[in-house]
Amino acid sequence: MRFFHTKMALRSAASLLMVFVSSFAALAQTDPILTLNNPVGVFDFIRQNINTTSAGQIATLSNSGASSLTITSVTVTGLHPTNFLLSSNTCNGVTLAPGATCRVTVAFRPSAVGARSGRLTVTNTADGSQHLIPLAGIGLNPAVPNRDVGPVDPRVGFPLWQQDDKGVRLELCLETTNALCLSSPPNAALPASVNDRSINFPGEAFWWSGEAEITLPNGGRARLVMAKEAAFTTEEATIGNQISFDRIRVRMDDVTPNTNYTVTHPFGTLTVTSDDEGEVDETEDIGCGASPCDFRLQNKGKIGVFLKWDPAVTPLAPVGYVGDPNVPHRVTGSPTGNNIFRIAGPNVGGSGINTIQTNLFSVSGKLFQ
């Protein structure tokens, strides 16, 4: 099976930025207007080992209005204020002329495991003060495995490996000598590359992928696609345009129009609604959708464990791989125990049959060596 690939706007932290920027605008052009210009995105520190300090993220506060703006204070408030550190702050007590700026650097030092949150609270003379900028991060226990990305491989511009919550590491699957990967370099005789010396890389590749399919009684089909994917902002591989994301996609056709269906998959559940023609096309991509890419954003996705062939069911997975994508097989690894693709909805399996499912998946992934 091959992936359908559509370039879509990702649900990354950067998409949230405009929500907070727009809240800073004053109604009158003559008033001071406080604007947040943060080139690295909203203050989402993603995942950090407890009692260690992240790299700082810089917020540039500017006065985009027509009169002077005074910033009385910039502090951290919210649920876990001590977990976010102001490592530098040139904004306290500053009066900004129109067009002037000041900067605040925030770092994340979680004191406990789990989600941590706070707010950068800016007290000032612009309309709407106090202005609140959300801070978020996840504290990790360094003694247990956690999902992570490896260093960027300079040969291709993508992380060398992806690690799941069990400590399993997979590299990009780009084999040219067998059919155990979904992608391969255009020139199979040369190594994969995306650098100033050569470009030999497919338009998309995968650290891990999993698919399941159910034939519907009316001749249609339901399809689940899951992936940790490497791609580009361009259709073809180009230097500097690398992006990555976790994908969960559900497609169905020839089902009852305008009907809700509940889909259960190994990483959760979701409700989808068929359109007027009885089709469903639901995609969630979580990661970075623009370059330069913060590859860590992919860790916010739902794919926390790499599904692999169930070793209790013959045949065994090929050595060095989580499975053979050409052979549907039972899998193991779902964090919820639901190693299935299930659809529930009115007559989805035929008259009076409201639930259908499969436990067979086509999975691909190459163990990092």
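The paragraphs below lead from the overall make-up of the chain to its aromatic side chains.

This is a predicted model, and its secondary structure amounts to 27 strands and 1 helix. The C-alpha trace, taken along its principal axes, spans about 70 × 50 × 40 Å. The chain has 369 residues, of which 49% count as buried, and its accessible surface comes to about 16,500 Å², with carbon and sulfur atoms accounting for 53% of that area. If one considers the contacts between residues at least 6 apart in sequence, 64% of them join residues at least 24 apart. As for charge, the chain carries 26 positive and 30 negative charges, and the mean positions of these two sets are 9 Å apart.

Turning to the aromatic side chains, the count comes to 10 aromatic pairs. A pair of aromatic rings is described by the distance of the centres and the angle of the planes. For F84 and F108, which form a stacked pair, these values are 5.0 Å centre to centre and 20° between the planes. Because F84 belongs to strand β5 (residues 84-89) and F108 to strand β7 (residues 101-108), their pairing ties together parts of the chain that are 24 residues apart in sequence. F84 is buried, with a relative accessible area of 3%, and F108 likewise counts as buried, at 0% relative accessibility.

Elsewhere in the sequence, F158, F201, W207, F232 and F295 form one aromatic cluster. A ring also takes part in a contact with a charge at W161, where the charged end of R169 sits over the ring, 3.6 Å from its centre.

Conventions:
Residues are numbered from 1 along each chain as its sequence is written. This is a predicted model: local features need pLDDT of at least 70, side-chain atom pairs count only at pLDDT 80 or more; totals for chains, interfaces and linings use all residues. Side-chain values use heavy atoms; hydrogens and water are left out. Helices (H or I, at least four residues) and strands (E, at least two) are DSSP runs, numbered from the N terminus. Buried means under 20% relative accessible area, exposed over 50%, partly exposed in between (1.4 Å probe, protein chains only). Contact means heavy atoms within 4.5 Å. Accessible areas come from the Shrake-Rupley method with a 1.4 Å probe; for residues, only the protein chains shown count as cover. Lys and Arg count as positive and Asp and Glu as negative; His and the chain ends are not counted. The place of a charge is taken as NZ of Lys, CZ of Arg, CG of Asp or CD of Glu. Rings of Phe, Tyr and Trp (its six-membered ring) pair if their centres lie within 6.5 Å; planes under 30 degrees apart count as stacked, over 60 as edge-to-face and the rest as tilted. A charge sits over a ring if NZ of Lys or CZ of Arg is within 6 Å of the ring centre and within 35 degrees of the ring normal.
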